[in-house]
Structures are given as C-alpha cells and as structure tokens.
Amino acid sequence: MSPTIRSRHIGQRRFPVNSQSLSAPISWRRMKLKYLVALKSGEAIPGESIKETGDYPVYGGNGFRGYTNSFTHEGERILIGRQGALCGNINYAEGKFWATEHAIVATPKTNFETAWLGETLRVMNLNQYSQSAAQPGIAVEVVENLVIAVPPEGEQRRIADSLHQLSAPIDKLILEKQKLLTLLTEKRRTVIADFLIKGLNKDTPRRDSDIPWLGEIPAHWKVERAKWLFTERDDRSDSGDEELLTVSHLTGVTSRAEKDVNMFMAESLEGYKRCEAGDLVINTLWAWMGAMGIARQPGIVSPAYNVYQPVAQLDPEYIDLLVRTPRFVEEITRYSKGVWSSRLRLYPEGLYEAWLPVPPLDEQRDIVARVQAETRKLDALAEATERTVTVLQERRSALISAAVTGQLDLGDAHAN
C-alpha cells in the first residue's frame, strides 16, 4: 500500500511557512532558521589542492568535489549551495570534511533530526531567494531569517525514519532508469561509429586502412587526407547582419538565437566569418571536446572559428556524424597545438593531417539514413525513460514534502 498524503491533524488549523504553498500543523513551533543553526560559508581552496584521493572529502555548492589533506569542519552537517544556477540545493556531510566558500554550512545550535531539517529546507526551494540573474547566489542573512515549522522531537524522529523508507524504493528505480539512459547513450555512439566506419553490410570484403583509428574498413572505400577533402573558407562579413551561428560538442552548429546563453556579445559582428550551408565549422578552442559540425544554413561565426568547404564527393550529413564521433575527436586532438586540454587549439594545418574514410557518395547517404532511423528508436526510448525519471522524482518530492510538513500519515509510511 502506498503512503497516504493527508493531514494527520484533522480539525486543527494549519499555518503557511514563509510565502510558499507549504503548511504545517498549528501545534508545530514557528521559528527563524537562525535559532536552530548557525549559517556560515566555507573556506576557499585552490583547485590544485583537490585530488581524486585523499584524507578528507571536499564539498562545494553542488556537493562532493574530491579530496584534500586537511579539513574545515567536523560532525554531521547540512550544506546549502551558495552560488550558481543550482544555489539553494541541499547536501549532507559528516565526519571531517572541507567545505568550500560556495557552500553554506549549517552548524546546529540545538538538538534536531538532521534529515528532517535538511529535507525541510529542500522542500522550501531556497533557490527562489537567489538575488542575481547574472551570477545567482543566496545570502546567509536572507536564509537564516526564514521561518520554518518545527515539530516536536519525537515527530522529527518519526519523519526522519520515514524519509529513507519512503525514498529508498523510488531512488532504486531512478538509479535503474539512469543506468538505462547511460547504456542508451553508449549504444547510440556505438551504432553511429559502427555504421560510419564499418559500413552497413558486415559481410562485405574488408581491408586494413593502415590508419590506427579506423582499423579495417570495407575494401571498396577510399581513405583520404583531410587536406584533399576540405578547403578553408575565410570570407568576412561587411555588415555582421547575417544569422549568427555557434558550435558546441552537444548540438553541433546551430543558430545562436536558439541557445539560452548569457555570454558576452560583441557590439558589432562586422568581420565575422561567413559560412554556407554544408560547410564544416570548427570551434578552434573546443575542438578537443568535439565542438564541430556541418552548418545547415548560411550565416556568420566567430572569427576564432575555422570554416571549411567540403569537396563534392562528401555528403554533409555523413561528415557531420563522422567528425562528432568520439574516435574522430580523439584522433583530431593529436594534431591540436598547445598544452593541457583547456589550451589546445585545432588550426587548419592540424585538421589537414587527419585521414578520413570516404565511402561512395550513395553509400554515405544510405549510412546517414540508417543511422537516423536507428538513433530515432534509441532517442524515443531515452525520452520515455527521462519522462519516467521525472515522474519518479516528482513522486519522491511530493512524499518528502508531505512528510516534513505533517501532511503524510506516518503510520501508513511505516506499514510499507
């Protein structure tokens, strides 16, 4: 039997908590958060001091970040994200740990059940108190003066005991669905790479390409140097009035107007590089992450990008799929210049060093059609799985919200 969400205080008045739609039994005490906990930001730590292994865990505004060799706090604590789009989120830490300046640490002033208070704060959606759109952040003085409803200690314990029992089976389902999403992502990559490099017919005669990243390919395919397949285009816009395009490793080449970004925009786009539909556009700075692809429309791109016109025997959609495969990205990174991944640049002379498989044009188009058909099936399953995860998360949130606001029959919860 599922836990019943209803008031256990029939006939009793309920009061709202802050300005939200939350309510709690009138018998619960109302008090400002600062009388339960002392709130203070953690301490800054250099990035190089955070390691994959170490003596003490490090927690930032979004949770666990790694390990370090010293600690700032000891004990069981609630952590509140202080900055960023996810500010106000709730995490937990215990034992000896380091809390960074991006986390607000809640140090107890009195006895209470940590799980009860932590989940109460989560239900209160502290992100709504963010004070800036450009760099979201919440202030300690705002949070510590929020009024919350505090149940008697015995009821806090019952709520805390119920929270795990309520959420554990849902968390298990969510984890299973998230594992499925990971498998679907890997399957999608494998399907694309197999068709692009091995072809549609696995029984066709094969030969060694003599290119390590390609391995064996269909015997009738060609292997060509990129410098024979692409010509750099460096046409500049006189007015900057053309459609502005951008390139990312996630979506390839898209209109910037379709992106929800808060990045610096130049006052004038005059001098930006023109590209035509079918051109290969590479984000020079982020090529090592796979930020490249084919433009589907004419437009202009950053002068820091490189634009290339493919030869006629290349199908643009085939090239778009090929250059965004992890295996090609790994190969192209070998020809990038610079040190460390964040400083690598892929210049034309680097691209031109790479070798690409070139099936007959008709076969390229057949491969694209097959890839699109197969990935549509995988994408549909992934979307359905994501919807299921959303429903489960909403159910989990509703049960926890009901528990910490006294609207859940805890007798029902313990009966499950």
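The chat below goes through salt bridges, helix packing and one buried strand residue in a predicted model.

Visitor: Before we start, what kind of model is this?
Guide: This is a predicted model, in which local features need pLDDT of at least 70 and side-chain atom pairs count only at pLDDT 80 or more, while totals for chains, interfaces and linings use all residues. Residues are numbered from 1 along each chain as its sequence is written, and side-chain values use heavy atoms, with hydrogens and water left out.

Visitor: OK, how many salt bridges are there?
Guide: The count comes to 21 salt bridges, where a salt bridge is a side-chain nitrogen of Lys or Arg within 4 Å of a carboxyl oxygen of Asp or Glu.

Visitor: Which residue does Arg189 pair with?
Guide: Arg189 forms a salt bridge with Glu186, and their closest N and O atoms are 3.1 Å apart. Both residues lie in helix α3 (residues 153–198), three residues apart, which is about one turn of the helix; helices here are DSSP runs of H or I with at least four residues, strands are runs of E with at least two, and both are numbered from the N terminus.

Visitor: And are those two buried or exposed?
Guide: Neither label applies, because Arg189 has 44% relative accessibility and counts as partly exposed, and Glu186, at 40%, counts as partly exposed too. The cut-offs are under 20% relative accessible area for buried and over 50% for exposed, with partly exposed in between, using a 1.4 Å probe and protein chains only.

Visitor: What does Asp379 pair with?
Guide: Asp379 forms a salt bridge with Arg188, with the closest N and O atoms 2.9 Å apart. Asp379 lies in helix α8 (residues 361–404) and Arg188 in helix α3, so this pair ties together parts that are 191 residues apart in sequence. Asp379 is partly exposed at 27%, and Arg188 is partly exposed at 31%.

Visitor: Which residues are linked in a network?
Guide: Arg296, Glu317, Asp320 and Arg324 are linked in a network of salt bridges.

Visitor: Switching to helices, how do α5 and α8 cross?
Guide: The axes of helix α5 (residues 316–323) and α8 come within 8 Å and cross at roughly 60°, where axes are lines fitted to C-alpha atoms over the stretch in contact and angles run from 0 to 180 degrees between N-to-C directions. The two helices are therefore oblique to each other, since angles under 35 degrees count as roughly parallel, over 145 as roughly antiparallel, 65 to 115 as roughly perpendicular and the rest as oblique.

Visitor: Which residues make that contact?
Guide: On the α5 side they are Glu317, Tyr318 and Leu321, and on the α8 side Gln364, Ile367, Val368 and Val371, with contact meaning heavy atoms within 4.5 Å.

Visitor: What about α1 and α8, at what angle do they pack?
Guide: Helix α1 (residues 114–123) and α8 pack at an angle of about 115°, with their axes 9 Å apart. Trp116, Glu119, Thr120 and Val123 of α1 meet Ile400, Ser401 and Val404 of α8.

Visitor: Last one, where does Leu245 lie, and is it buried or exposed?
Guide: Leu245 lies in strand β17 (residues 245–248) and is buried, with a relative accessible area of 4%. Leaving aside neighbours within four places in sequence, Leu245 is in contact with residues including Val253, Cys275, Ile300 and Val301. Leu245 and Val301 are 56 residues apart in sequence and 5.3 Å apart in space, C-alpha to C-alpha.
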